[in-house]
Amino acid sequence: MGGVFGAYAPKGRHVLEDVYLGLYALQHRGQESAGVAWVQDASPRASIETLKGIGLLHNAINQKDLLAIEANIGIGQVRYASQGSSQIRNAQPIGARYARGLVAIAHDGAFSNATDLFDRLQSRGAIFQTQCDTEAILHLMAQQPDKEPLDALVCALAQLRGGYSLAVLLEGQLVAARDPWGFRPLVLGRRDDVIYVASESCALDLVGADFLRDVEPGEVLVIDDAGIESLRVPVKAERLYHCAFEYIYTARPDSIITGVSVYQARKNLGRQLAQHHECPQADFAIGMPDSGTLAALGYSEESQLPFELAMVRNRYVGRTFIQPTDRVRDLGVRIKLNPNAAVFDGKRVIVVDDSIVRGTTARRAVRMIRDCNTAAVHLRIASPPVRYPCCYGIDTPSSEELA
């Protein structure tokens, strides 16, 4: 999983600072690495250039370095590793020069047929430099030297199964693509004569762009001086499969995903929770910061229970679900959350969380709340149970990892 952002402007305009800012707005989607790619055409031979690093965006990339670069087209990604380890070689965007030109790709999602693709491509001589399934797209394009780059890209996408939202540089073009099933979100925006694509609408807000529309499932947008051209991936999806976790946990609450306010969706989940489960005797409700807070607000409004901000979050600690190991996740809960003991003392409390995946956060948090001389703790979960693995970009690859 990750967040992707792309910007295209007429020649003479510089967009890499906008790409940097857009990635800042998407930092919640990935904290393990960050990268930016652009076309460097000032030299005699044009090339794809990248700046990439491990960790949060401001640690991975120096903003001042980007300000000095003149580029009217750029893409970027923030990543957490649902596939491939947290090494610099796996940071995106991934760029290359192949027989028909320059290409760089930033990807959010995962291919369910990645193993088959890797085996087939390697049997044909492909040499992989990363552990990312994204690299398979480059090799699929390279093995079609008879096609124009855009045609080769669309043919490559037709061979993919799973979830993807892509921001792609094809020399002088910005290309955006979304999988035919609609697993991962992607939006289109504009500020004056600059066109943007982003994983979430909140990134458009930060750069001052107007939201135009969602990129449709199976759509490929080609953005250049001629405007915006819409193509289709030649794969027919029998139905759409929007990722529920975007509404439950992944997306920022100020984003709009497929026409639905994430803020309102999370409050509605809390209301539904109160409607369908009898409310126990309690003094107040709290939300598990931050993704459980809105569901708790909805629960509080529906049940007419007071709402308290009784769990204090350390704002300088990242998200625990997307940390790479169980030990770091476990330590992250203790560092990240602290109950206000005076509020809990002798009280009966309903704790609302957005979901249970591994159970690490809920288990530790409830234990800390009980240690505050709390009379009773009732845990309520806003999402349906997470029962099965996800192979489309959420880090739940096996049932054994699920609570």
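Student: Which residues does Asp354 touch, once residues up to four places away in sequence are not counted?

Tutor: In this predicted model, Asp354 touches Ile248, Tyr249, Ser291, Gly292, Ile381, Ala382 and Ser383. Asp354 itself lies in the loop between strand E19 (348-353) and helix H13 (360-370).

Student: How do you know that Asp354 counts as buried?

Tutor: The relative accessibility of Asp354 is 5%, and the word buried is used for values under 20%, so Asp354 counts as buried.

Student: What makes the link between Asp354 and Ser291 a polar contact?

Tutor: The side chains of Asp354 and Ser291 are joined at 2.8 Å, and since the cut-off for a pair of N or O atoms is 3.5 Å, the value falls within the limit and the pair is called a polar contact. Another of the residues that Asp354 touches is Tyr249, and these two are 105 residues apart in sequence but 6.7 Å apart in space, C-alpha to C-alpha.

Student: Why is the pair of Tyr20 and Tyr24 called edge-to-face?

Tutor: A pair of aromatic rings is described by the distance of the centres and the angle of the planes. For Tyr20 and Tyr24 the centres are 5.5 Å apart and the planes stand at 80 degrees; rings pair if their centres lie within 6.5 Å, and planes over 60 degrees apart count as edge-to-face, so both conditions are met. The structure holds eight aromatic pairs, counted by this rule.

Student: Where in the chain are Tyr20 and Tyr24, and what separates them?

Tutor: Both belong to helix H1 (residues 16-25), and because they are four residues apart there, about one helical turn separates them. Tyr20 is buried, with a relative accessible area of 3%, whereas Tyr24 has 36%, a value in between the cut-offs of 20% and 50%, and is therefore called partly exposed.

Student: What makes the pair of Phe183 and Tyr392 stacked?

Tutor: The angle between the planes of Phe183 and Tyr392 is 15 degrees and the centres are 4.1 Å apart; planes under 30 degrees apart count as stacked, so this pair earns the name. The pair links distant parts of the chain, with Phe183 in the loop between E8 and strand E9 (187-191) and Tyr392 in the segment after strand E20 (376-381), 209 residues apart. Phe183 counts as buried at 10% relative accessibility, while Tyr392, at 26%, is partly exposed. Ring pairs link Phe183, Tyr241 and Tyr392 into a cluster.

Student: How do you know that Asp108 and Arg29 form a salt bridge?

Tutor: The closest N and O atoms of Asp108 and Arg29 are 3.0 Å apart, and a salt bridge needs them within 4 Å, so the pair qualifies. Asp108 lies in strand E6 and Arg29 in the loop between H1 and strand E2 (33-40), so the bridge ties together parts that are 79 residues apart in sequence. Both Asp108 and Arg29 are buried.

Student: What makes Arg184 and Asp108 a salt bridge as well?

Tutor: Their closest N and O atoms are 3.6 Å apart, which again falls within the 4 Å limit. Arg184 lies in the loop between E8 and E9, so its pairing with Asp108 in strand E6 ties together parts that are 76 residues apart in sequence. Salt bridges that share partners join Arg29, Asp108, Arg184, Glu200 and Glu246 into one network, and the structure holds 16 salt bridges.

Student: Is Glu219 buried or exposed?

Tutor: Glu219 counts as buried, at 3% relative accessibility, whereas Arg213 is partly exposed, with a relative accessible area of 28%. These two form a salt bridge whose closest N and O atoms are 2.9 Å apart.

Student: Which residues have the most contacts inside the largest nonpolar core?

Tutor: They are Ile137, Met141 and Leu157, in a core of 37 residues. The largest share of this core, six residues, comes from H6. Leaving aside its neighbours within four places in sequence, Ile137 is in contact with Ile105, Phe111, Leu153, Ala156, Leu157, Leu160 and Leu166. A second, separate core of 29 residues includes Val19, Leu57, Leu66 and Leu204.

Notes: Residues numbered from 1 in each chain as written. Predicted model: local features only at pLDDT ≥ 70, side-chain atom pairs only at ≥ 80, totals over all residues. Heavy atoms only, no water. Core = buried A, V, L, I, M, F, W, Y, C linked by side-chain atoms within 4.5 Å. Buried < 20%, exposed > 50% of the residue type's maximum accessible area, 1.4 Å probe, protein only. Helix = DSSP H or I, 4+ residues; strand = E, 2+ residues; numbered from the N terminus. Contact = heavy atoms within 4.5 Å. Polar contact = N/O pair within 3.5 Å; in protein donor to acceptor, adjacent residues only side chain to side chain. Phe/Tyr/Trp six-rings, centres within 6.5 Å; stacked < 30°, edge-to-face > 60°. Salt bridge = Lys/Arg side-chain N within 4 Å of Asp/Glu carboxyl O.
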